[in-house]
Amino acid sequence: MTSRLDGPLKVTGRAEYGADHNFPGLVHGYVVLSTIAHGEIEAMEVTAAKGAPGVLAVYSPFDPLELRTPATAFLGDTWVPLQDKEVAYYGQPIGFVVAETYEQARDAAMLVAVTYRARPALTSLQDGLASAEDAPASRGVPASLEVLAPGVESIEDALAASPVVVDATYSTATQNHAAMEPHSAVAVWGPDGLTIHSGNQGSDIQAAELATALDTKPSEVHAVNPFVGGAFGGKGRTSTPAFLAAAAARVLDRPVKAALSREQVFTATAGRAATVQKISLGAEHDGTLNALRHDSWCSTPADRSFVEPTSHGTSREWYATRNLAISQKMVPLNIPPTTFMRAPGEAPGSFALESAIDELAVALAMDPIELRQRNNSNAPPGNDLQWSSKHLDECFRVGAARFGWADRSPQGRTDGDWLVGMGTATAMFPALRFPATVEVTLLPDDTAVVATSGADPGTGLLTVLSLVGGESLDISPDRVVPRLGDSTLPPGGMSGGSTATASAGSAIMIAAAKAIDDLVKLAAAPGAPFAGEDVSYADGRVFAEGRTMTFGELLRALNRPSISVTGSSAPGEELTKHSFSSFGAQFCEVRVHKWTREIRVSRMLGVFDAGRIINSTAARSQIVGGMIWGVSAALHEGLEIEANGRLANGDFASYLIPVNADIPEVDVHFVEYPDTLHNPVGAKGIGEIGTVGMAAAVANAVHNATGIRVRHIPIQIEDLL
Ligand code: MOS
């Protein structure tokens with residue numbers, strides 16, 4: 001158990017987030033948002049705003065800051081504000097007012113008068129289903145995919161030939177990212193270029209995006225973000241405040257701070273798409289899945305910049321089935337952008353698939369765990385590459401015992417005025433990793449520095465660097481100083497896709513091995529303390545002929561300030577040998593009040609096979625957070641979009657999220673099987689899987705308690721009347 005190294009800094013207010021930075025001469029920018037959902041800006045009257053106290057500049061599509069559209073291989077194009085007069089959603093950034101103080105900028109922003117030529121807006125996924133388009137390929141899979149057993153003509157035939165069929169349509173709500181730290185930036189230009197302080201998921205990615213946007217050299221953009229107040233996919237791309245602050249600071253030659261208000265975060269950033277998912281399952285009487293069809297529709301913004309891959313993220317891989325058909329469609333709407341959000345695809349996809357599996361268990365009168373185990377897959381359907389390691393059965397076995405699943409009745413039970421039910425669901429999230437480079441430096445004071453540009457958005461990566469660094473150098477982790485969140489450090493890629501430990505960790509192991517190699521060579525070099533001897537290394541020391549020195553002593557003896565090496569790792573040959581995923585079993589007990597229909601989650605358990613766990617404390621916290629988010633998705637979160645495109649609940653007063661009283665004790669357990677077929681660290685990733693399946697586990701528990709099957713989330717009291 002290791003406490004996170006940045007914990008004391010964060011809880012004492014000493015951790016400086018982006019907007020905490022201040023500089024002499026700093027001025028403040030306020031973002032102006034559109035008040036129609038679709039159309040063109042005819043005019044913006046800015047005279048009053050420009051004349052308001054303290055105002056330095058008012059930027060708009062009529063007087064824009066010059067910004068180019070950055071594209072990164074991983075994220076695609078990133079939208080930049082103020083470059084044209086088109087409005088694609090309500091709450092779109094259309095202006096930027098810069099003034100001496102925040103209040104002056106905000107007040108002046110209220111004086112900007114906008115005239116629009118409005119066009120009809122489409123803001124509801126249900127209303128837009130008829131205009132759905134095939135989604136582009138995601139996860140390497142085209143819009144639709146069919147795997148059929150020999151002799152089977154179509155998925156319809158396979159379903160028709162199945163004695164038991166479940167056919168149901170599910171839907172999930174649009175969600176806001178709502179990270180604790182609102183999107184913000186402080187931009188300062190100096191002789192060497194731009195320094196930007198802005199929370200993100202990878203400082204080298206942000207620096208590259210800003211360099212393109214500002215048409216400057218990558219070496220002239222320095223992105224700094226040692227602390228990030230939550231990201232979850234919502235800070236993968238560079239934000240509007242960062243683009244505008246950087247561009248305005250250059251023109252005005254003043255440091256500029258831009259921070260979105262909480263309400264602005266709801267539209268001026270990006271959230272999770274709404275989905276509609278139609279699932280058909282065909283099974284034998286013994287539960288063997290004969291056919292699985294999953295057709296998904298998701299909302300996408302007008303620029304079609306993101307697809308929530310529910311079919312591709314779940315049904316394509318989860319169960320052994322002889323016949324599989326999936327399709328993914330998108331519906332362009334006049335809504336705020338959608339983007340990656342913790343378990344993109346799997347989170348809403350697992351609600352639909354795992355609810356449908358529960359419905360099948362009811363139809364078969366079979367225990368839902370037994371049904372899942374019957375259809376356990378050794379490899380994704382239609383794929384020859386077996387899972388590198390899969391202990392999902394054990395997760396269910398251990399979980400069932402721990403949770404008291406044997407006491408569950410198919411009809412639930414009552415406890416006074418409460419109807420009590422238990423639900424379960426499978427969780428899966430692919431084990432991935434990205435290319436990463438890490439620098440390991442050995443110092444004469446017997447400490448080491450492990451440095452990479454990657455970000456710790458609260459996931460615990462900083463502490464992981466010291467733990468894996470210590471292990472790889474065979475020294476105590478408290479002698480390892482981790483550094484991250486700075487684009488001048490070796491490129492660590494993105495903290496996203498539950499990859500950071502596997503990516504950075506693998507690179508650390510490579511760099512540490514090289515550093516030890518260099519150290520040993522140095523020790524035995526002519527003129528060195530162990531010249532010509534057979535030198536070995538262990539425990540932070542070099543050894544030869546019964547003599548030993550710490551690496552610090554050796555560096556001091558040699559008068560060397562340091563040994564510094566970089567190591568890089570990237571996915572490779574392993575991808576041709578196995579399929580990779582983390583797995584888990586979610587359990588939930590709910591109590592529904594017989595008369596008021598109030599829904600309380602009373603117990604939660606998640607058991608996970610996520611490979612090696614590096615820091616059990618942080619890992620548990622990650623998973624607890626994910627499971628709570630699952631409850632939040634199931635019972636609380638959902639944006640209501642009015643017909644005019646305005647969010648009816650775009651603030652923390654009306655966008656529901658659980659509070660402590662909504663969440664019981666959360667039990668988390670890991671079955672720990674290091675997966676070194678995936679990467680040398682053996683970690684498969686824990687960032688996202690905690691939320692996967694949880695919403696279905698809640699909905700399945702609600703069904704068990706009440707007999708009512710709710711096929712949408714969030715589930716509300718009125719659904720159970
Ligand atoms: Mo996460 S949605 O991969 O940042």
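Begin with the two domains of this predicted model: select residues 382–428 together with 576–721, which the domain assignment of the protein chain gives as domain 1, and then colour residues 436–570, which it gives as domain 2. With both coloured, you can compare their positions, for the C-alpha centres of domain 1 and domain 2 lie 38 Å apart. Where the two touch, domain 1 contributes 14 residues to the contact and domain 2 contributes 13 residues. If you sort the side of domain 1 that touches domain 2 by class, you will find seven nonpolar, six polar and one charged residues.

Stay with domain 2, residues 436–570, and select strand E24 (536–538), strand E25 (residues 541–544) and strand E26 (547–550). These three strands form an open sheet in the order E24-E25-E26, and their pairing is antiparallel. The edge strands are E24 and E26, each of which pairs on one side only, while neighbouring strands of the sheet are turned against each other by 25 degrees on average, direction ignored. Look next at the join between E24 and E25, which run antiparallel and are held by three bridges; to find one of the pairs, select Ser536, whose bridge partner in E25 is Phe543. Then add helix H15 (residues 551–558), which lies across E25 and E26 and runs at about 85 degrees to E26.

Now move to helix H7 and select residues 240–252. How far apart should the ends of this helix be, at 1.5 Å a residue? The 13 residues of H7 should span 18 Å, and because the end C-alpha atoms are 18 Å apart, the model agrees with that expectation. H7 is mostly covered, since ten of its 13 residues are buried; among the buried residues are Thr240, Pro241, Phe243 and Leu244, as well as a run that includes Ala245, Ala246, Ala247, Ala248 and Ala249. Just after H7, pause at Asp253, which takes a positive phi of about 55 degrees.

For the last stop, select Gln264, which is found in helix H8 (residues 262–268). Is Gln264 buried or exposed? Gln264 is buried, because 22 other C-beta atoms lie within 10 Å, and the cut-off for calling a residue buried is 20 or more. Leaving aside residues up to four places away in sequence, Gln264 touches Val31 and Leu33, so show these two residues beside Gln264. Finally, draw a distance from Gln264 to Gly460, which is 196 residues away along the chain: the C-alpha atoms of Gln264 and Gly460 are separated by 28 Å.

Notes: Residues numbered from 1 in each chain as written. Predicted model: local features only at pLDDT ≥ 70, side-chain atom pairs only at ≥ 80, totals over all residues. Domains from an automatic or database assignment. Contact = placed C-beta atoms within 7 Å. Nonpolar A, V, L, I, M, F, W, Y, C, P; charged D, E, K, R; others polar. Helix = DSSP H or I, 4+ residues; strand = E, 2+ residues; numbered from the N terminus. Buried ≥ 20, exposed ≤ 12 C-beta atoms within 10 Å, placed from the backbone. Expected span 1.5 Å × (residues − 1). Pairing = 2+ DSSP bridges. Axes fitted to C-alpha atoms, helices over the stretch in contact; angles between N-to-C directions.
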